[in-house]
Amino acid sequence: MSTSSPAINSLEQLQHACGSCQLCGLAASRTHVVVSRGNPEARLMLIGEGPGQMEDESGRPFVGRAGQLLDRILESVGLSSERDAYICNVVKCRPPGNRKPTKIEMAACKPWLEAQIRLVNPALIVVAGATAVEALLGIKGGITKLRGHWQERDGRRVLPVFHPSYLLRNRSSAEGSPTWHTRKDMQDVRTRLEQEGWQP
Ligand code: SF4
């Protein structure tokens with residue numbers, strides 16, 4: 001399959017198409033295809049790596065402990081994950097054992113992600129974790145160096161941040177900690193959303 005967006009003209013079509021997708025091996029072990037949650041009208045899109053166990057069971061992205069932490073960080077800067085963001089992942093089916101998705105799996109799923117970006121048309125994209133950053137931006141490197149530095153992709157501003165599951169493994173919120181940096185990054189996102197006309 002090519003890496004361009006498939007002929008999908010609405011998010012409903014996308015949901016339906018992903019629901020029966022067999023384009024990579026992850027289809028074999030999934031419980032649910034995990035396409036999105038949040039607001040399709042939002043100016044902000046959040047992209048993670050892939051579904052975990054809770055997400056696979058519920059069919060919704062970022063609903064486990066990492067997702068709940070993400071929600072709290074967004075709330076701490078006055079943003080709601082359901083109202084102010086559209087949330088999805090690079091791959092829509094859970095990699096067994098929460099391993100990283102392979103390059104082949106990410107490439108197979110990329111057209112669905114491209115369709116989401118095209119249809120939601122966000123002004124800003126936050127991309128969480130090094131794997132998702134590489135998949136979306138083609139930039140390899142440690143997330144510690146990449147995070148907090150805005151990039152551009154097809155005229156949209158894209159901000160790499162730590163993945164919230166990394167924050168769960170590094171619980172300090174002291175100044176200079178990953179959680180502290182992520183709050184600062186999300187504050188920066190809020191400021192840019194305001195510049196885009198977003199209002200609380
Ligand atoms: S991960 Fe993506 S490409 Fe693979 S089966 Fe699921 S929806 Fe299809």
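These are my notebook entries on what I looked up in this predicted model.

**Ground rules.** I number residues from 1 along each chain as its sequence is written. Because the model is predicted, local features need pLDDT of at least 70 and side-chain atom pairs count only at pLDDT 80 or more, while totals for chains, interfaces and linings use all residues.

**The ligand.** I looked up which residues surround the ligand, taking a residue as near when its C-beta atom, placed from the backbone, lies within 6 Å of the molecule. Of the 15 residues around the ligand, I noted Cys 21, Cys 24, Ala 27, Cys 93 and Cys 109 as those that come nearest. The shell holds 12 nonpolar, 1 polar and 2 charged residues, where Ala, Val, Leu, Ile, Met, Phe, Trp, Tyr, Cys and Pro count as nonpolar, Asp, Glu, Lys and Arg as charged, and the others, Gly among them, as polar. Helix 4, residues 103-120, gives the most to this shell, with 4 residues; helices here are DSSP runs of H or I of at least four residues and strands are runs of E of at least two, numbered from the N terminus.

**Helix 4.** I then followed helix 4 and found a kink of about 40° at Cys 109, shortly before the proline Pro 111, the bend being the angle between axes fitted to the seven residues ending at a residue and the seven starting there. Among the buried residues of helix 4 are Cys 109, Pro 111 and Trp 112, where buried means that 20 or more other C-beta atoms lie within 10 Å of a residue's own, exposed means 12 or fewer, and partly exposed is in between, with C-beta atoms placed from the backbone. The buried residues of helix 4 pack against helix 1 (11-19), strand 2 (44-48), strand 3 (85-89) and helix 5 (130-137).

**Two positive phi angles.** Asn 121, which follows helix 4, lies in the loop between helix 4 and strand 4 (124-128) and has a positive phi of about 55° although it is not a glycine. I list Asn 121 as partly exposed because it has 13 other C-beta atoms within 10 Å. Phe 62 also has a positive phi of about 55° without being a glycine, and it sits in the loop between helix 2 (53-58) and helix 3 (65-76). With 28 C-beta neighbours inside 10 Å, Phe 62 counts as buried.

**A contact list.** Leaving aside neighbours within four places in sequence, I found Ile 47 in contact with residues including Cys 88, Val 127 and Leu 136, contact meaning C-beta atoms, placed from the backbone, within 7 Å.

Notes
Contact = placed C-beta atoms within 7 Å.
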